[in-house]
Amino acid sequence: MGEARGGCCPPMDLFRSESMQLVQLIIPVEASHLTVSYIGDLGLIQFKDLNAEKSPFQRTYAAQIKKSGEMARKLRFFREQMDKAGVSPPKKSVTRTDIDKDDLEVKLGELEAELVEMNVNNEKLQRTYNELVEYKIVLEKASGFFCSALSSATAQQREMESQHSGEESLNTPLMKDQEADSSKQVKLGFLTGLVPKEKSLAFERIIFRATRGNVFIRQAAVDEPVIDPVSGEKTEKNVFVVFYSGERAKTKILKICEAFGANRYPFSEDLGKQAQMMTEVSGRLSEMKTTIDAGLFQRNNLLQTISDQFEQWNSLVRKEKSIYHILNMLSLDVTKKCLVAEGWSPVFATKQIQDALQRASFDSNSQVGTIFQVLHARESPPTYFCTNKFTSAFQEIVDAYGVARYQEANPGVYTIITFPFLFAVMFGDWGHGLCLLLATLFFIIREKKLSGQKLGDITEMTFGGRYVIMMMALFSIYTGLIYNEFFSVPFELFGLSAYACRDLSCRDATTDGLIKVRPTYPFGVDPVWHGTRSELPFLNSLKMKMSILLGVAQMNLGIILSYFNAAYFGNSLNIWFQFIPQMIFLNALFGYLSLLIIVKWCTGSQADLYHVMIYMFLSPTDELGENQLFPGQKTVQLVLLLLALVSVPWMLLPKPFLLKKQHENRHQGQSYRPIESTDESLQLEVNRDSHDHEEFEFSEVFVHQMIHTIEFVLGAVSNTASYLRLWALSLAHSELSSVFYEKVLLLAWGFNNVIILIVGFIIFVFATVGVLLVMETLSAFLHALRLHWVEFQNKFYEGDGYKFIPFSFALIDDEDE
């Protein structure tokens with residue numbers, strides 16, 4: 001099913017799907033690509049796969065699909081890079097240029113190579129820059145260690161010299177320290193670097209244990225997190241300096257540094273060299289920053305250039321891939337000069353398809369035009385309804401149950417009215433209906449803007465069904481006016497009440513104290529009923545009987561539609577042995593009940609309809625007494641009961657035997673068949689054999705008919721009872737609304753306090769929106785859905801068809817979005 005775009009469909013109703021035809025196209029190879037492209041623009045042919053037995057790699061255009069897939073991968077890479085850089089492609093390409101697919105393949109390859117090289121260079125530069133940042137931090141912190149150590153050592157030495165100056169004694173060694181053997185002095189080495197802060201304690205502990213305590217470690221925390229050169233993530237780190245003695249200790253420390261991911265950097269004890277290294281690192285950092293900024297600027301310019309034409313390239317690649325996918329579904333003829341295509345198309349589209357084929361042959365300079373011919377097929381065609389933005393949502397409700405069989409009666413036509421009406425019967429309140437209407441008008445007024453945006457799942461679902469909600473709201477206002485409820489409050493909109501109190505005590509007692517003083521209230525329920533003791537019994541009786549009337553009417557409509565299906569397909573058996581007995585059975589029981597309800601309303605009788613219907617079966621010959629509504633009622637009931645009993649075997653027995661007889665007559669004299677020389681007969685031979693020589697299983701047919709009969713007989717009772725949900729949900733909605741109004745709003749109003757009134761009003765608004773406008777709307781929607789799918793559609797709707805899904809570039813774009 002597709003929406004009518006640009007007048008693709010002639011004016012027609014939705015009652016039956018479009019007439020379809022199986023077409024065959026014989027396309028010259030040189031014109032095949034352009035032909036499929038023009039058909040994709042048209043979007044009115046659903047191609048059949050004539051190479052279903054071949055794997056994707058064995059098909060003719062597997063290499064072209066692989067190339068298109070590679071181009072699509074490059075475009076996805078560009079999209080990822082643009083998203084990371086914050087560059088968004090415009091909805092429409094800034095410059096529209098005609099580009100050949102081969103040139104595009106080369107260009108995309110060059111752009112990808114250039115972008116990959118830029119990314120690699122930028123990563124290297126960024127890593128070097130992060131290493132230099134860490135090196136600078138190490139130089140600052142480590143020089144602080146050494147400066148503080150040197151100053152403390154100098155102070156300690158001066159203190160010792162001041163203590164020992166002029167105090168030489170017999171204990172003073174004859175040899176000075178300076179004269180000691182220099183070969184026996186111990187030289188200490190050291191390593192500097194950064195280690196992650198969370199690993200610093202474990203790092204220190206393991207070094208201490210590995211060297212048996214023969215190390216001296218100093219650590220200092222870095223003030224701000226630094227970007228790790230290896231991982232590229234911000235990490236809190238500590239600068240460490242490890243003093244050690246011996247090469248073995250150094251080897252152990254290096255291995256531990258490597259295991260803990262500690263980055264080591266060279267450091268000199270000489271203060272002059274430290275200052276020189278600091279100057280060099282700062283200079284290199286400045287140069288590196290300038291280089292990185294220039295590289296990012298160049299990369300962003302490249303991505304901006306790509307984004308300007310990204311949508312055009314993406315659309316072209318998607319189209320190319322879809323074209324070759326269709327070409328792989330076509331079969332090559334023996335000469336390998338033509339491609340043979342088969343597919344379904346609407347009959348009304350024949351002229352448009354032929355025009356597209358002629359244009360493709362002319363534009364591709366083909367010497368031979370494409371041959372278009374209609375085939376006769378026995379297989380069931382796809383189902384195609386031309387819908388618009390209003391009817392498409394209602395059709396989707398029907399299709400969710402099952403796609404209509406080809407050209408069977410479409411319940412979507414009636415769903416446009418019956419679905420929102422049954423919803424409104426359960427949701428009747430014109431105040432709530434106005435709220436729903438205002439909400440859906442927001443979507444309808446802004447539909448052009450919202451249709452091009454990405455919405456959330458729930459918002460998108462609501463936007464798609466905006467016209468369904470609009471109809472539901474309008475019918476809710478209508479039924480709310482009939483119920484005379486505005487947030488459960490009655491209004492005298494159509495005139496004054498017909499009743500008035502006889503005395504002051506009658507208002508809170510019963511309606512017995514009311515007397516009729518004016519003409520009958522012209523439209524809907526008289527407002528005087530609200531708030532009286534008899535309100536609930538009166539409304540219960542009204543809504544229950546109304547539910548039965550609506551249910552019987554809709555079920556009758558379903559059975560009548562089964563007649564139109566049978567008449568359209570020329571199935572007289574279904575008319576005589578399905579439609580007629582079903583109409584008799586349903587109306588002999590529940591049609592009669594509906595008639596009694598109307599008669600009781602018109603006459604004001606006090607007859608008990610429960611008693612009438614129960615004893616119609618238990619004691620059909622007994623006198624009705626005070627429950628008699630019209631003369632001759634007993635005779636009518638006997639006749640109707642007899643008709644209902646007769647209609648059951650009428651549905652069950654004749655049809656299987658007549659089907660068996662039809663099957664035997666169809667296959668008599670078919671041992672010899674005339675020779676058929678047409679190509680079509682050869683193409684349809686397999687289908688003919690599979691259909692014409694199908695074995696007839698009488699037992700299967702009889703059991704199926706018996707199940708169908710039992711289902712209808714029991715369903716007539718259960719389905720009628722199921723329509724009582726209209727009464728139940730309407731009552732629940734009305735009572736909930738009344739509770740919120742009386743126990744929240746009026747209660748808050750009675751305190752004569754502004755704060756309590758504001759709080760009460762807020763609670764009332766949230767309760768109304770959350771419970772009545774959201775939960776109750778969803779509940780009534782689902783119940784109306786069930787009544788249509790089960791109680792209505794099972795009377796006539798097969799729903800075993802399959803959708804017409806044409807090859808269309810517009811559909812491909814929608815799926816991609």
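Reader: What makes the charged end of lysine 543 count as sitting over the ring of tyrosine 483?

Author: The charged end of lysine 543 is 4.3 Å from the centre of that ring. A charge sits over a ring if NZ of Lys or CZ of Arg is within 6 Å of the ring centre and within 35 degrees of the ring normal. Arginine 466 is likewise placed over the face of phenylalanine 463, with 4.2 Å to the ring centre.

Reader: What kind of model is this, and which side-chain atom pairs count?

Author: The model is predicted: local features need pLDDT of at least 70, side-chain atom pairs count only at pLDDT 80 or more, and totals for chains, interfaces and linings use all residues. Numbering runs from 1 along each chain as its sequence is written, and side-chain values use heavy atoms, with hydrogens and water left out.

Reader: Which residues does serine 734 touch?

Author: Leaving aside residues up to four places away in sequence, serine 734 touches Glu485, Ser488 and Lys543, where contact means heavy atoms within 4.5 Å.

Reader: How do you know that the side chain of serine 734 makes a polar contact with that of glutamate 485?

Author: The distance between the two side chains is 2.8 Å. The limit for a pair of N or O atoms is 3.5 Å; within protein, one atom must be able to donate a hydrogen and the other to accept it, and residues adjacent in sequence count only if both atoms are side-chain atoms.

Reader: Is serine 734 called buried or exposed?

Author: Its relative accessible area is 8%, so serine 734 is buried. Buried means under 20%, exposed over 50%, and partly exposed in between (1.4 Å probe, protein chains only). Serine 734 belongs to helix α22, residues 725-749; helices (H or I, at least four residues) and strands (E, at least two) are DSSP runs numbered from the N terminus.

Reader: Why is the pair of phenylalanine 15 and tyrosine 414 called edge-to-face?

Author: The ring centres are 6.3 Å apart and the planes stand at 85 degrees, so the pair is edge-to-face. Rings of Phe, Tyr and Trp (its six-membered ring) pair if their centres lie within 6.5 Å; planes under 30 degrees apart count as stacked, over 60 as edge-to-face and the rest as tilted. By this rule the count is 38 aromatic pairs.

Reader: What makes this pair tie together parts that are far along the sequence?

Author: Phenylalanine 15 is in the loop between β1 (2-3) and β2 (20-28), while tyrosine 414 is in helix α9 (residues 412-427), so the parts joined are 399 residues apart in sequence. Phenylalanine 15 has a relative accessible area of 18% and is therefore buried, whereas tyrosine 414, at 26%, is partly exposed. Both rings belong to a cluster linked by ring pairs, with Tyr563, Phe564 and Phe579.

Reader: Why do β5 and β9 stand at the edges of the sheet?

Author: The open sheet has four strands in the order β5-β8-β4-β9, with antiparallel pairing. Strands β5 (215-221) and β9 (263-265) each have a single partner strand, so one side of each lacks a neighbour in the sheet. From one strand to the next the twist averages 25 degrees.

Reader: How do you know that β4 and β9 pair?

Author: Strand β4 (residues 189-196) and β9 are joined by three bridges in the antiparallel sense, and two strands pair if DSSP finds at least two bridges between them. Leucine 194 stands opposite asparagine 263 in β9.

How values were computed. Axes fitted to C-alpha atoms, helices over the stretch in contact; angles between N-to-C directions.
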